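Subject: Structure handover

Hi,

Here is the structure for you to look through. Please open it before you read my notes.

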Amino acid sequence: MAYECVVTGATGYIASELVKQLLEKGYNVKGSVRSLNNKEKIQHLINLGAAFPGKLTLHEADLLSDGSFDDIVKGTDLVFHTASPFVIRGIEDPQIDLVDPAVKGTKNVIGAAMKSKDSVRRVVLTSSTAAVVKNRKGPGNGSLYTEEDWNDESSLTESPYMYSKAQAERAAWDMAKEAGLDLVTINPSLVLGPVLTSRADATSIILMKEFVENTEGSMLPRQVDVRDVARAHVLAAEVATAKGRFIVSHESTVSTKFLSDILSEHFPQYRFPAGEDTPSIKTLDNSKVRTQLGLQLRPLKETYIDMVTTLIQQGIAVPVAK
Ligand SMILES: NC(=O)c1ccc[n+]([C@@H]2O[C@H](COP(=O)([O-])OP(=O)(O)OC[C@H]3O[C@@H](n4cnc5c(N)ncnc54)[C@H](OP(=O)(O)O)[C@@H]3O)[C@@H](O)[C@H]2O)c1
């Protein structure tokens with residue numbers, strides 16, 4: 001019998017890849033979306049559904065609306081909660097724009113799973129290394145960030161996105177522990193890699209589009225491939241012994257020069273920013289996901305090339321010709 005699962009925020013960059021992998025594995029998937037009328041956001045899901053007839057259904061739900069996820073979650077086996085705003089620029093009110101949807105949304109989804117405890121055997125929450133790391137350099141004394149670490153330094157005024165992720169993950173653990181709900185979190189760093197939609201408003205996509213178009217040279221230095229992040233979610237659901245948090249990221253920081261060199265070699269017809277030659281610093285310990293879930297991370301070279309190839313194919317990015 002095929003498992004039935006929910007993916008919240010199915011329209012998102014990471015969730016779209018997760019939905020694809022779940023469908024490929026034979027799961028029945030219920031995707032939550034904010035609006036079924038927004039064809040631009042859901043068209044690629046409709047196309048995916050057409051490739052797996054009868055396996056994908058879409059349902060409206062909003063993070064801020066109490067009880068919004070109850071009916072979707074009812075009777076399902078697994079819940080993947082990915083929906084949450086990932087915004088790092090142009091934030092007007094961090095409480096309203098980030099913390100409320102992140103925290104209230106998580107409480108709503110965990111609450112729905114608790115109401116359906118007879119059927120839901122595990123919730124997999126998309127958290128972030130933003131809920132783990134405190135600063136760029138590492139925890140100090142030559143040690144590495146592990147799943148034991150919590151970002152308790154961010155606030156509404158200091159890195160509010162990171163704050164929203166830490167607050168949401170804490171709320172999830174508090175509720176799950178109290179209710180005896182089986183919760184596992186996936187904590188990725190900056191997620192890059194191929195895109196499945198023609199939407200350009202996800203932060204991961206914006207950062208790479210700006211780099212490719214030579215309008216901005218910045219990039220977050222800890223990174224991981226979207227296919228590996230989605231796979232980690234699936235493994236977290238399938239491996240019975242999976243417990244707690246899982247950092248899903250390459251262990252060392254990478255420079256924008258590293259990115260530039262790879263793109264310049266693979267796409268010699270385009271001019272990319274030279275990038276900054278910052279040192280590669282090992283700051284994370286990713287051994288838990290490797291040993292307990294058996295996940296091997298693909299090299300970032302593949303991630304960058306596949307991402308830029310799809311950005312060009314989808315018409316999202318137009319690189320500068322030489
Ligand atoms: N991308 C990364 O580098 C990265 C790294 C670590 C963790 N994460 C986490 O991964 C998750 C997905 O991120 P992403 O990069 O895939 O971002 P994304 O493409 O921007 O997706 C965000 C999703 O959340 C949904 N959402 C936002 N506000 C909502 C609301 N009020 N009600 C219902 N849905 C709402 C969006 O719906 P719409 O489509 O309607 O806007 C979208 O489906 C987030 O939890 C993020 O914090 C991302």
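Below is what I found, part by part. Please keep in mind that this is a predicted model.

**The ligand**

How many residues surround the ligand? The count is 26. Thr11, Arg34, Tyr161, Lys165 and Val191 are the closest. Sorted by class, this shell holds 11 nonpolar, 10 polar and five charged residues.

Some polar pairs are worth finding on screen. An oxygen atom of the ligand sits 2.7 Å from an N or O atom in the Tyr161 side chain. The side chain of Lys165 also has an N or O atom 2.8 Å from a ligand oxygen. At Leu63 the backbone takes part: one of its polar atoms is 3.0 Å from a nitrogen atom of the ligand. On its own, the ligand would expose 890 Å². The protein buries 93% of that area. Three elements each give two or more residues to the shell: α1 (13-24), α5 (160-179) and β7 (190-192).

**Two residues in helix α1**

Start with Ser16, which belongs to helix α1. Is Ser16 buried or exposed? It is buried, with a relative accessible area of 1%. A polar atom of the Ser16 side chain lies 2.6 Å from the backbone oxygen of Gly12. The same side chain reaches the backbone oxygen of Thr11 at 3.4 Å. Thr11 is also among the residues closest to the ligand. Setting aside neighbours within four places in sequence, the contacts of Ser16 include His44, Leu45, Leu48 and Leu196.

Gln21 is in helix α1 too. Gln21 is buried, at 12% relative accessible area. Its side chain makes a polar contact of 2.9 Å with the side chain of Glu17. Glu17 and Gln21 are four places apart in the helix, and there is a general pattern to recall here. Residues three or four places apart in an α-helix point the same way, because there are 3.6 residues a turn. Gln21 also touches residues from farther along the chain: Arg227, Ala230, Arg231 and Val234. Take Arg227, which is 206 residues away in sequence. The C-alpha atoms of Gln21 and Arg227 are separated by 8.6 Å.

**Helix α6**

Next, look at helix α6, residues 203-212. Eight of its 10 residues are buried, so the helix is largely enclosed by the rest of the structure. Those buried are Thr203, Ser204, Ile205, Leu207, Met208, Glu210, Phe211 and Val212. What do they pack against? Their partners are α1, β7, α8 (256-266), β10 (270-271), α10 (300-313) and β11 (320-321). Both α1 and β7 also give residues to the ligand shell.

**Two positive phi values**

Asn214 comes just after α6. It lies in the loop between α6 and β8 (223-225). Its phi is positive, near 65°, and it is not a glycine. Most residues other than glycine have a negative phi. Asn214 is partly exposed, with a relative accessible area of 32%.

Ser159 is another case, with a positive phi of about 50°. It sits in the loop between β5 (122-126) and α5. Ser159 is partly exposed, at 33% relative accessible area.

**The strands**

Which way do the side chains of β4 (residues 78-81) point? Leu78 and Phe80 point one way, and Val79 and His81 point the other way. All four are buried. Alternation between the two faces of the sheet is what a regular strand shows.

Strand β4 has parallel partners. β1 (residues 4-8) pairs with β4 over four bridges, in the parallel sense. Four bridges also join β4 to β5, and these two run parallel as well. Val79 is a good residue to follow here. It is the bridge partner of Val6, and it stands opposite Val123 in β5.

Finally, find β9, residues 244-248. Four of its five residues are buried, so β9 is largely enclosed by the rest of the structure. It pairs with β6 (residues 183-188) in the parallel sense, over five bridges. Within this pair, Ile186 stands opposite Phe246 in β9.

Best wishes

Terms used. Residues are numbered from 1 along each chain as its sequence is written. This is a predicted model: local features need pLDDT of at least 70, side-chain atom pairs count only at pLDDT 80 or more; totals for chains, interfaces and linings use all residues. Side-chain values use heavy atoms; hydrogens and water are left out. A residue is near a molecule or strand if one of its heavy atoms lies within 4 Å of it. A polar contact is a pair of N or O atoms within 3.5 Å; within protein, one must be able to donate a hydrogen and the other to accept it, and residues adjacent in sequence count only if both atoms are side-chain atoms. Accessible areas come from the Shrake-Rupley method with a 1.4 Å probe; for residues, only the protein chains shown count as cover. Ala, Val, Leu, Ile, Met, Phe, Trp, Tyr, Cys and Pro count as nonpolar, Asp, Glu, Lys and Arg as charged, and the others, Gly among them, as polar. Buried means under 20% relative accessible area, exposed over 50%, partly exposed in between (1.4 Å probe, protein chains only). Contact means heavy atoms within 4.5 Å. Two strands pair if DSSP finds at least two bridges between them.
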